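Here's a quick tour of one protein chain, written for someone who'd rather look at side chains than at statistics. Keep the viewer open while you read.

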Amino acid sequence: MQVPTKLYPKNCLLTVMDRYSATVRNMEQMVMIPSLLRDVPLNGQGQQAQDGAPDLYKYFTMLKAIRVDVDHGLLPRQEWWSKVACGRAHESDHEAAETEDEEERVLGKLDLEAQFHLHFSSLHHILTNLTLKAEEVTRKYQEIMGQAM
């Protein structure tokens with residue numbers, strides 16, 4: 001596994017981001033045949049993924065896509081919305097705008113420092129959990145390959 005080359009304090013967001021990127025790059029290098037991850041549940045031994053529950057392949061593709069954002073920055077807001085909306089009707093766009101307005105009203109009531117701490121701690125928590133998921137996908141793939149050999 002690649003180790004982050006920069007040294008930051010342990011709980012620094014940059015450390016968490018570097019650790020996530022390194023873990024996902026390691027996952028990408030280890031998983032040579034991603035199609036083997038289809039229909040394999042994240043938790044459980046040998047059983048098929050249940051309908052609607054994400055399988056390891058979905059996690060694999062999601063983790064790779066997030067790593068690109070972590071490494072290269074976010075898409076401009078309009079590009080991101082078009083990517084997310086890809087094929088949705090006008091109605092869902094209207095609902096998204098209403099949700100965004102509601103969110104801005106709620107966040108406007110909080111002071112900026114509280115908003116910062118809320119989002120910072122959430123991002124730290126999410127990246128830590130995604131790093132664990134990437135390690136789990138890698139471990140499961142290695143188990144599958146060990147069984148196949």
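What follows covers confidence, the core, one loop and the salt bridges.

**How far to trust it**

First off, this is a predicted model. The protein chain averages a pLDDT of 79, and 67% of the residues score at least 70. Among the elements of the chain, α1 comes out with the highest mean pLDDT, at 94, while helix α4 (residues 90-109) has the lowest, at 60. Where pLDDT is low, the predicted coordinates shouldn't be read in detail.

**The core**

Now for the inside. The largest nonpolar core has 21 residues. Tyr20, Met27, Leu37, Leu63 and Val137 are the ones with the most contacts inside it. Three elements give two or more residues to this core: α1 (13-30), α2 (56-72) and α5 (112-148). Of these, α5 supplies the largest share, with seven residues. In soluble globular proteins, nonpolar side chains tend to be buried together.

Met27 is a handy residue to click on. Leaving out residues up to four places away in sequence, Met27 touches Phe60, Leu63, Lys64, Ala134, Val137 and Thr138. Two of those partners, Leu63 and Val137, are also on the list of residues with the most contacts inside the core.

**The loop between α1 and α2**

Next, have a look at Pro34, which lies in the loop between α1 and α2. Is Pro34 buried or exposed? Neither, quite: its relative accessible area is 26%, so it counts as partly exposed. Not counting residues up to four places away in sequence, Pro34 touches Tyr57 and Phe60. Phe60 also turns up among the contacts of Met27. Pro34 and Tyr141 are 107 residues apart in sequence, yet their C-alpha atoms are 8.6 Å apart in space.

Leu36 is in the loop between α1 and α2 as well, and at 33% relative accessibility Leu36 counts as partly exposed. Together with Met32 and Ile33, Leu36 forms a nonpolar patch on the surface, with about 280 Å² of accessible area between the three of them.

**Salt bridges**

Side chains of opposite charge can pair when their charged atoms come close. How many salt bridges does a search of the whole structure find? It finds five. Here are some of them, with the N to O distances.

| Pair | N to O distance |
|---|---|
| Arg25 and Asp71 | 3.1 Å |
| Arg139 and Glu136 | 2.7 Å |
| Arg139 and Glu143 | 2.2 Å |

Arg139 meets two partners in α5. Arg139 and Glu136 are three residues apart in that helix, so about one helical turn separates them. Arg139 and Glu143 are four residues apart in helix α5, which again means a separation of about one helical turn. Arg139 is partly exposed, with a relative accessible area of 35%, and Glu143 is partly exposed too, at 29%.

Elsewhere, salt bridges that share partners join Arg25, Glu28, Arg67 and Asp71 into one network. Within that network, Arg25 and Asp71 pair with their closest N and O atoms 3.1 Å apart. Why does this pair tie together separate parts of the chain? Because Arg25 lies in helix α1 and Asp71 in helix α2, the pair links parts that are 46 residues apart in sequence. Arg25 is partly exposed at 29% relative accessibility, and Asp71 is partly exposed at 32%.

Terms used. Residues are numbered from 1 along each chain as its sequence is written. This is a predicted model: local features need pLDDT of at least 70, side-chain atom pairs count only at pLDDT 80 or more; totals for chains, interfaces and linings use all residues. Side-chain values use heavy atoms; hydrogens and water are left out. A nonpolar core is a set of buried Ala, Val, Leu, Ile, Met, Phe, Trp, Tyr and Cys residues joined through side-chain atoms within 4.5 Å. Buried means under 20% relative accessible area, exposed over 50%, partly exposed in between (1.4 Å probe, protein chains only). Contact means heavy atoms within 4.5 Å. Patches are made of residues with over 30% relative accessible area and no salt bridge: like charges are joined within 9 Å, nonpolar side chains (Val, Leu, Ile, Met, Phe, Trp, Tyr) within 5 Å. Accessible areas come from the Shrake-Rupley method with a 1.4 Å probe; for residues, only the protein chains shown count as cover. A salt bridge is a side-chain nitrogen of Lys or Arg within 4 Å of a carboxyl oxygen of Asp or Glu. pLDDT is the predictor's confidence in each residue, from 0 to 100.
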